[in-house]
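The exercises below are to be worked through with the sequence and the coordinates at hand. Each task is followed by a solution that goes step by step.

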Amino acid sequence: MTTTNKALQSWVKEIEALTQPSLIHWCNGSDDEYDALVASMVDSETLQPLNPETHPDCYLHLSDPSDVARVEQFTFVCTDNETDAGPNNNWMDIVTAKRKMNALFKGCMQGRTLYVIPYCMGPIDSPYARCGVEITDSPYVVINMKLMTRMGDQALARIEKEGQFVKGLHSTGELDPERRFIMHFPEENSIMSYGSGYGGNALLGKKCHALRIASWQGRQEGWLAEHMLILGLESPEGDTHYIAAAFPSACGKTNLAMLIPPEQYSGWKVWTLGDDIAWMHLDDEGQLRAINPEAGYFGVVPGTSEKTNPCAYNMIQKNTIYTNVAQTADKQPWWEGKKTGEPAIDWHGIDCSSEQEGSVNIAKGPAAHPNSRFTVSAKQNKNYSSLAEAPEGVPISAIIFGGRRRELAPLVHESFSWEHGVLMGASVASETTAAAAGQVGLVRRDPMAMKPFCGYNFGDYWEHWLSFAKKSAQPEKLPRIFHVNWFRQDDAGEFLWPGFGDNIRVLQWIAQRCEGKVDAQATPIGFFPEIEDINTTGLEITANTMRELLSIDTHVWLEEMDAIKVYLEQYGDRTPQELYRQLAKVIARLKVSETGKLQAIA
Ligand code: GTP
Ligand code: SPV
Ligand code: MN
């Protein structure tokens, strides 16, 4: 097979000459193709079949132990002008980056098959969807892209019609961490990734295209590419609000997107549209609409149980690729927090009872890697929204930002305005997680949960966000903006809030705010719920804990605002003045409140 698109033909030829593969395979995206690739990977032992009785068509892939997460220090945005990439990105000049990457790719596919993967991010018939082509030498990438995107013939047909696509070149190379780079060239819609076979480093449609390149395109064209889940919250009366929420990696997007309400919430329903990425456009009426560019989930496995996330738990019992989990003696997948079964073989493939290095006993580490993942098609989600495939997307009522913070950030609060909400998003801070290589548990700034994913200068990005208030035909229709934190802890390190399904109690308040059905208290940092307005029926939570979750320490918040100011200043004159004005207002309100003279702020 080949294509009528000249640019694609000549790019494939050029890459063939550079990488010198023995075979070229154009992916058509069929089930037969998937099955054949899986069979050959089982033969070559890069995939292991899991127990076919308990987990039909489930496979385990163990990646190289040095290749288990995104590598932010080796991820670059290469632009003509360094300040366009901004202090939020690693930058390299285009010529040096290309020279480096071409040297790595030279002859790297000798003896291997080069796969050409045409894919579409977003419903195939959506005007908001965008196509790409990934060239890779990894069959693991191909089968993941089949589950995660609309891949193959239908995407190629769209590319041939439109004539446009993002070029992504990938090779697993030698998996040498010293020879691992993920380079983005947003000015020419291209990506080059070498030396990793893992998730966001290798499945180029996801973070590389749908966030870094797409965020750049969105700025040029007036839309937003965000690290957000999209859900539909349906009330017993049958009204549905669509909500988009940005939390940093491994901070609860998949779980919130698949929420199963607790007993007390009979008649309520959460529909999943997306669990990681949202592309949002203003329509002619000034309404912000979102599509999910993905078609599947690459989700965190540890912590997923029948209790915490029954929706995901059920979904991953069949037709699922597991990466870096442990296995029970009868080859069922196992991970920390599964709450059933015992691990027999850890994620290194080593017997858990052996003395060998890498085994759980010796390393005293977890049996499944903390960033182990499942890959599964969205079609397997019982709560997949019927509107997830709608070409026009869904209207967004509320945007939520959040992070993982032991202290400081309250359970929920609402911004006073769109502009104040942009400051709230820009101020997100969160503890680092295993989703990226490096130390876990350090608080760092992660504006809009986009620190690792914004393909351009954050200063320009905030300006772009602010511009929506001016651009909308009816700014009052813009979503309300909230901030949540499910992760407050007590002195003993226990979570104060039950989280998971009980997060619907907070979503309910958010929906009521959007409908103007509930009042709120104005505090210096935003609107807070009255304690009695968060429904805690059926929860074992004391009024004191609720007060703690919904209080702020003025002094500590003043320090936080100072730290945010210092952070914003890093972006120099690219930081919009409007953010400083919003910040000054919050500080002034905090100071009034500190002297005990806080008046109602409306
Ligand atoms: P990425 O796929 O990396 O972008 O992560 P994500 O934001 O989708 O996070 P995910 O929902 O997979 O959750 C990550 C971890 O946080 C899992 O181990 C969850 O069990 C845990 N988690 C999710 N929601 C909650 C919550 O409400 N409370 C608590 N305590 N833990 C949660
Ligand atoms: C994340 O880290 O936010 C993920 C996983 O969703 S990865 O695809 O590896 O980026
Ligand atoms: Mn993510």
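**Exercise 1. Decide whether Leu-568 is buried or exposed, and describe its surroundings.**

Leu-568 has a relative accessible area of 0%, and since buried means under 20%, this residue is classed as buried in the predicted model. The next step is to place Leu-568 in the secondary structure, where it belongs to helix H16, which spans residues 554-569. Once residues up to four places away in sequence are set aside, Leu-568 touches Leu-423, Trp-462, Thr-575, Leu-579 and Tyr-580. A further check uses C-alpha atoms: those of Leu-568 and Phe-458 are separated by 9.1 Å, although the two residues are 110 residues apart along the chain.

**Exercise 2. Identify the protein donors of the manganese ion (ligand 3), and explain why the arrangement of donor atoms is irregular.**

Begin with the protein atoms: NZ of Lys-207, NE2 of His-227 and OD of Asp-276 are the protein donors of the manganese ion (ligand 3), and they lie 2.1 to 2.5 Å from it. Along the chain, the donors follow the spacing K-x19-H-x48-D. Lys-207 is found in helix H8 (residues 205-221), whereas Asp-276 is in the loop between strand S15 (269-274) and strand S16 (278-282), so this pair ties together parts that are 69 residues apart in sequence.

Then turn to the geometry, for which six donor atoms around the manganese ion (ligand 3) have to be considered. The angles that they subtend run from 64 to 174°, and this makes the arrangement irregular. To count as octahedral, six donors would need opposite donors over 155 degrees apart and all other angles between 65 and 115.

Finally, examine the exposure of two of the donor residues: Lys-207 is buried, with a relative accessible area of 6%, and Asp-276 is buried as well, at 8%.

**Exercise 3. Determine which residues surround ligand 2, and how much of its area the protein buries.**

The surrounding residues are Arg-70, Gly-199, Gly-200, Lys-206, Lys-207, His-227, Ser-249, Asp-276, Phe-298, Arg-373, Ala-435 and Phe-453. Lys-207, His-227 and Asp-276 also appear in Exercise 2 as protein donors of the manganese ion (ligand 3).

The polar contacts can then be taken one by one. A polar atom in the side chain of Ser-249 is 2.5 Å from an oxygen atom of ligand 2, a backbone N or O atom of Gly-200 is 2.9 Å from an oxygen atom of the ligand, and an N or O atom in the side chain of Arg-70 is 3.0 Å from an oxygen atom of the ligand. As for the area, ligand 2 taken alone exposes 290 Å², of which the protein buries 98%.

**Exercise 4. Find which residues come nearest to ligand 1, and what share of its accessible area the protein covers.**

Of the 21 residues around ligand 1, those that come nearest are Ala-250, Lys-253, Thr-254, Asn-255 and Arg-373. Oxygen atoms of the ligand supply one side of the following polar pairs: a polar backbone atom of Ala-250 is 2.7 Å from such an oxygen, a polar side-chain atom of Lys-253 is 2.8 Å from one, and a polar backbone atom of Phe-500 is 2.9 Å from one. On its own, ligand 1 has 650 Å² of accessible area, and the protein covers 92% of this.

Technical notes. Residues numbered from 1 in each chain as written. Chains lettered and ligands numbered in written order. Predicted model: local features only at pLDDT ≥ 70, side-chain atom pairs only at ≥ 80, totals over all residues. Heavy atoms only, no water. Donors = N, O, S within 2.8 Å, 3.2 Å for Na, K, Ca; no water. Tetrahedral: all angles 85-135°; square planar, octahedral: opposite > 155°, others 65-115°. Helix = DSSP H or I, 4+ residues; strand = E, 2+ residues; numbered from the N terminus. Buried < 20%, exposed > 50% of the residue type's maximum accessible area, 1.4 Å probe, protein only. Near = heavy atom within 4 Å. Polar contact = N/O pair within 3.5 Å; in protein donor to acceptor, adjacent residues only side chain to side chain. Areas by Shrake-Rupley, 256 points an atom, 1.4 Å probe, with all protein chains shown as cover. Contact = heavy atoms within 4.5 Å.
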